[in-house]
Amino acid sequence: MKWYNSVKIKLLGFFLFISIVFLITLIITFFYMRENQFKENAMKETSLATSKILNYLQTEQANAELLVSTLASMTSQSLEHAIEDEKFIPSLLSVHLRTDLNLQSAGIWFEPYAAKKSKKDFLLFYNKNKNNTFTRVKQYLEKSTMNYRDMTFYIAGKKLKKGEIFWTNVYTDPITKVRMITVESPIYKDNTFIGLASLDIAIKEHTKKLWSNLSTEEMYLMFIDREGTFIGKSSSIDHFATDNNIYHMKNSAMGALIKTIEPSLKRYNHKVHHDNNIKKEIYTIENDPVLGGTSIVATYHFPHTHWNIIIGILEDKVMVQQNETFKNVILIVIFLTLLATLLGYLILQHIFVKPIEFINEQLKDNLSKDGLHHKLLTCNDNGEIGALVENLNTRTQALEAAKASEAKEIERRIQNEKLLVQQSKMAAMGEMMDAVAHQWKQPLNALSMYSEIIKSDFDEGNVDKTYITQFSIDIQTQIDHMVNTLDEFRTFFRPNKKNQEFALRDVLQSVLLLTKDDLLKNHITVNIEQEDPLTIVGSENEFKHLILNIINNAKDAFNEKSIEKRELKIRIIQDDEGNRLEIEDNAGGIPKEIIKDIFKANVTSKEEGKGTGIGLYMSTQIATKHHATLSVRNQNDGAIFTVKFNQ
């Protein structure tokens, strides 16, 4: 037995297979859980990294919006007071000093003649000085090269409804040359738009506080407005951008990164949001050009301002704790799986393999001393193995009984075959005796006629020596024919004591000689189409029986079906397809329903009472003894019997 066929090896292999499948399933499950938690963990990590920035921006946004709303509302309620009192608006603006709001300037911009009937263009503009106080700039109109009502911020502000707030994109103030963002709110009087209140926030001062707690080695941050203009960015981003816009990146890899996250940057720009909830989305970027590896990029969208914050963090930093936990869990699972495999194998080795090995040892020494029967097995197991041994013992006893019964059946079958052979021979003998009697009838009639002729010729004086000599020759010819027929009949039924080599052509000629007159009587023509010199080894007389059975079956078929033109074609063939004897008739063939069973005992195509089914069965036995196979097929309105020799 090969080692790999051992039950031990198969059992160990089974446990290893189950363990590996279990381990793979568990690892896949862990990976699935890890991937499911990936976005959540990534969002938590990025939120943690940007929490101070987000809180700062939200607080600043809320303070700015509250201040500009207050400025617009108070101006609407006390318009004259706001215009005449130099300290009214600066006192409102001083509120920002108690917050982190990096306010640079503020303004009240009026519609023509709304503030004073004598003033078409009128504004109140306040700038922060070095003392962090606000003073009015009275020559603002003279310093500006364009009318404020033609500026973008004012055009956008006129479209606002009462109480609404609008944040501009980043721009450079034409007077101060400072990059800033403006938050504005409309001023309404009796539901009529009369002007606009605005606060200007300086970008440079505004973004300094964003990077104070940001590690630039493991992450980067970009802060942009709705058009993609940078409000602020990490220093690591500087050499990627050609100008202050995120969509103009000189590095193709960085451009591909921005293109990936661009949908989330622009998705909410033109939508009106009724809540202040920041919109968050997460991306996995392979080969991040800034961090030089796989990174997690998160985008945060501020609904009111339409600002976007993009933060990139190395994936390893995001997943470091989870990866460590995952690795430890996998190691523990592998150890426990291998331990369970070993323990399971040892347990089953004790309760399963050892009893089987004990049974196998008994089976090796199972024969009794006399070799005639098998000893019964013993087993101490009370479970399935014990039941198996009990069933095996029952089967052994049944096999012993079946063996004895089979021996009796074989003996009875041998006796039956002997009787069948004898019956076949007796049937053939009867037919042969009819053939001999038929063949003797003509010579006997001739001899009787010769006796009448010689008497008549003697009376007429025609008998002389020459006449007697010719008469003797004619008589002897008839007698020789009768003797030859008798010799063929005697040798046909004489058993061969040992096998010998004989020519198939001689056997065929002998059978045709015996059946010549019977074939003529039944109007059957025999054509030998091919007669190769084929010799075989066996019993010549038994093989004659085989040929005679096939010819007699054909004769009976001709008579039963009343075939007019009756023909037998016989071929003895030696070629590349093998050595064989073919006997073909045109008697209509064998019915399809019995052709497959035609060589079985007691199967016949003849009418009831006219056939026993023994002939073809005995013919197959004779063919087998001569190392040949007997087969039949229907072809050309008849049957072709083929004896194919394997020697």
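Which residue forms a salt bridge with D597? In this predicted model, the partner is K600, and the closest N and O atoms of the pair are 3.1 Å apart. D597 is partly exposed, with a relative accessible area of 23%. K600 is also partly exposed, at 47% relative accessibility. Side chains of opposite charge can pair when their charged atoms come close.

The D597 pair belongs to a broader set of contacts. The structure holds 15 salt bridges. One of them joins the side chains of R136 and E86, with an N to O distance of 3.7 Å. R136 lies in strand 3 (residues 134-136), whereas E86 sits in the loop between helix 2 (79-84) and helix 3 (88-93), so this salt bridge ties together parts that are 50 residues apart in sequence. Both ends of the pair are partly accessible. R136 has a relative accessible area of 25% and counts as partly exposed. E86 is partly exposed too, with a value of 37%.

A further salt bridge links E409 and R412, whose closest N and O atoms are 2.0 Å apart. Here the partners share one element. Both residues lie in helix 9 (residues 384-459). They are 3 residues apart, about one turn of the helix. E409 is partly exposed, with 39% relative accessible area. R412 is likewise partly exposed, with 44%.

Salt bridges also occur as a network. Eight residues need naming here: E529, K569, R571, D575, E577, R580, E582 and E584 are linked in this way.

The surface also carries a nonpolar patch. It is formed by I332, F335, L336, L339, L343, I347 and I351. Together these residues present about 680 Å² of accessible area. One member of the patch, I347, is placed in helix 8 (residues 315-364).

Backbone geometry was examined next. Y113 has a positive phi of about 65°, although this residue is not a glycine. Y113 is located in the loop between strand 1 (103-110) and strand 2 (123-128). With a relative accessible area of 47%, Y113 is partly exposed. H627 is another non-glycine residue with a positive phi, about 55° in this case. H627 lies in the loop between helix 14 (614-625) and strand 18 (628-635). Both positions are thus loop positions: Y113 between two strands, and H627 between a helix and a strand.

Conventions
Residues numbered from 1 in each chain as written. Predicted model: local features only at pLDDT ≥ 70, side-chain atom pairs only at ≥ 80, totals over all residues. Heavy atoms only, no water. Patch = residues over 30% accessible without salt bridge, like charges linked within 9 Å, V, L, I, M, F, W, Y side chains within 5 Å. Areas by Shrake-Rupley, 256 points an atom, 1.4 Å probe, with all protein chains shown as cover. Salt bridge = Lys/Arg side-chain N within 4 Å of Asp/Glu carboxyl O. Helix = DSSP H or I, 4+ residues; strand = E, 2+ residues; numbered from the N terminus. Buried < 20%, exposed > 50% of the residue type's maximum accessible area, 1.4 Å probe, protein only.
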